[in-house]
Amino acid sequence: TLEGRSAIVTGSTSGIGLGIAQALAKAGAAVMLNGLGDPVEIERQRAEMADENDVDVAYDSADMSSPEAIRMMVERAGARFGQVDIVVNNAGIQHVAPITEFPEAKWDAILSINLSAAFHLVRATYPAMRARGYGRIINVASAHGLVASPYKAAYVAAKHGLVGLTKVVALEGAEFGITANAICPGYVWTPLVEAQIDAQAKSHSIARDAVIRDIFLKDQPTKRFATVDELGALSIFLCGSAAASITGAAIPVDGGWTAH
Ligand code: NAD
């Protein structure tokens, strides 16, 4: 149980971040949600998560491309929860284009949201974790933090960078009860992926099953998507005392993708 612990999960208004936030709340942690979206829908999610799990759930709209907003979010979390024990760096964006056509602005945005935000958030939460002798930092990287695909220059560079940052944070925190690990998912079943499958099936006039098997899961040997619940369960495990010696790891959750 994570009762008495509190967490910040970036990019937790949808998909994987929302799933991890739900798992943390269910385990008894207070949670600071963050991310973009419709304020009414976000407030509904926040209230539901708090009610269902009987924990404190807050929301901060910090834009992960702003170091100042990240610092303010940490201050608010500290004021509300007393401390921040768990940080999940999950917010991320993607852009796909050949390198010669890759827009400079997209490169900068992806590096700042997918990589630099994690640095700023760790930097702001680290001193208090160190002082208390407990901290759990979980960086949601990707199979693309371990291997590359064409046309994803910024994403692959940022996710490899995030795996590198994870190792440094792990080493610096090792004697202070702080662990840092990267989770490296292959394809995960999220509303976004579901919408892409429907769109591709329509535009190529092929069956949904074929889109899933031949396009999305071509490189994922299990031929199934990971689920946000699986990522939530792994995050809870990494926060517990049984995972005290797991640090600096990049853990693939990719159905064997990076095994071949
Ligand atoms: P998603 O688009 O459903 O969620 C992304 C979240 O990040 C949302 O809450 C969004 O509001 C937030 N976000 C985006 N820009 C932001 C900003 N500037 N400031 C604050 N929040 C911002 O995507 P997802 O699939 O749940 O992805 C979550 C993470 O998992 C990402 O880092 C992604 O790279 C990684 N990932 C996803 C998959 C997959 O198959 N879905 C696979 C590997 C890795």
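What follows is a dialogue on reading the sheet, the helices, two single residues, the domains and the ligand shell in a predicted model.

Me: I would like to begin with the sheet; how many strands form it, and in what order do they stand?
Reply: In this predicted model, seven strands make an open sheet whose order is β3-β2-β1-β4-β5-β6-β9, with parallel pairing. The edges are taken by β3 (57-60) and β9 (250-253), and each has a single partner strand, so one side of each is left without a neighbour in the sheet. From one strand to the next, the twist averages 20 degrees.

Me: Which residues can I use to follow the pairing of β1 with the strands β2 and β4?
Reply: Strand β1 (residues 6-9) is joined to β2 by three bridges, and the two run parallel; here Ser 6 has Ala 30 of β2 as its bridge partner. Strand β1 also pairs in the parallel sense with strand β4 (residues 86-89), again over three bridges, and in that pairing Val 9 stands opposite Val 88. One step further along, β4 pairs with strand β5 (residues 135-140) over four bridges, likewise in the parallel sense, with Val 87 opposite Ile 137.

Me: How should I read the two faces of a strand, and which residues lie on either side of β1?
Reply: The general idea is that side chains in a regular strand alternate between the two faces of the sheet. In β1, Ser 6 and Ile 8 lie on one side while Ala 7 and Val 9 lie on the other, and with all of them buried, both faces are covered. Strand β4 can be read in the same manner: Ile 86 and Val 88 are on one side, Val 87 and Asn 89 are on the other, and all are buried, which leaves both faces of β4 covered.

Me: Which strands does helix α2 lie across, and which does helix α3 lie across?
Reply: Helix α2 (residues 39-53) lies across β2 (30-34) and β3, and runs at about 155 degrees to β3. Helix α3 (residues 67-81) lies across β1, β2 and β3, and for this helix the angle of about 155 degrees is taken to β1.

Me: Turning to single residues, is Ser 12 buried or exposed, and where is it found?
Reply: Ser 12 is found in the loop between β1 and α1. The cut-off for calling a residue buried is 20 or more other C-beta atoms within 10 Å of its own; Ser 12 has 30, and is therefore buried. Beyond its neighbours within four places in sequence, Ser 12 has contacts that include Leu 18 and Ala 21, as well as Leu 33, Asn 34 and Asn 90. By contrast with those contacts, Asp 51 is 39 residues away from Ser 12 in sequence and 17 Å away in space, C-alpha to C-alpha.

Me: Which residues does Tyr 155 contact, leaving aside its neighbours within four places in sequence?
Reply: Tyr 155, which belongs to helix α5 (residues 153-173), is in contact with Gln 94, Ile 110, Asn 114 and His 144 once those neighbours are set aside. Tyr 155 counts as buried because 24 other C-beta atoms lie within 10 Å. The C-alpha atom of Tyr 155 is separated by 9.3 Å from that of Leu 115, a residue 40 places away along the chain.

Me: What does the domain assignment give for the protein chain?
Reply: The assignment gives domain 1 (6-187 + 226-254) and domain 2 (189-224), and the centres of the two, taken over C-alpha atoms, are separated by 26 Å. Eight residues from domain 1 and eight residues from domain 2 take part in the contact. On the side of domain 1 that touches domain 2, the classes are three nonpolar, four polar and one charged residues.

Me: Finally, how many residues surround the ligand, and why does it lie between the domains?
Reply: The ligand is surrounded by 28 residues, of which Gly 11, Gly 15, Gly 35, Leu 36 and Gly 92 are the closest. Divided by class, the shell has 12 nonpolar, 15 polar and one charged residues. Helices α1 (15-26) and α6 (191-204) each supply at least two residues of the shell, and α1 gives the most, with three residues. The ligand lies between domain 1 and domain 2 because both give residues to the shell around it.

Notes:
Residues are numbered from 1 along each chain as its sequence is written. This is a predicted model: local features need pLDDT of at least 70, side-chain atom pairs count only at pLDDT 80 or more; totals for chains, interfaces and linings use all residues. A residue is near a molecule or strand if its C-beta atom, placed from the backbone, lies within 6 Å of it. Ala, Val, Leu, Ile, Met, Phe, Trp, Tyr, Cys and Pro count as nonpolar, Asp, Glu, Lys and Arg as charged, and the others, Gly among them, as polar. Domain bounds come from an automatic or database domain assignment. Two strands pair if DSSP finds at least two bridges between them. Axes are lines fitted to C-alpha atoms, for helices over the stretch in contact, and angles run from 0 to 180 degrees between N-to-C directions. Two residues are in contact if their C-beta atoms, placed from the backbone, lie within 7 Å. A residue is buried if 20 or more other C-beta atoms lie within 10 Å of its own, exposed if 12 or fewer, and partly exposed in between; C-beta atoms are placed from the backbone.
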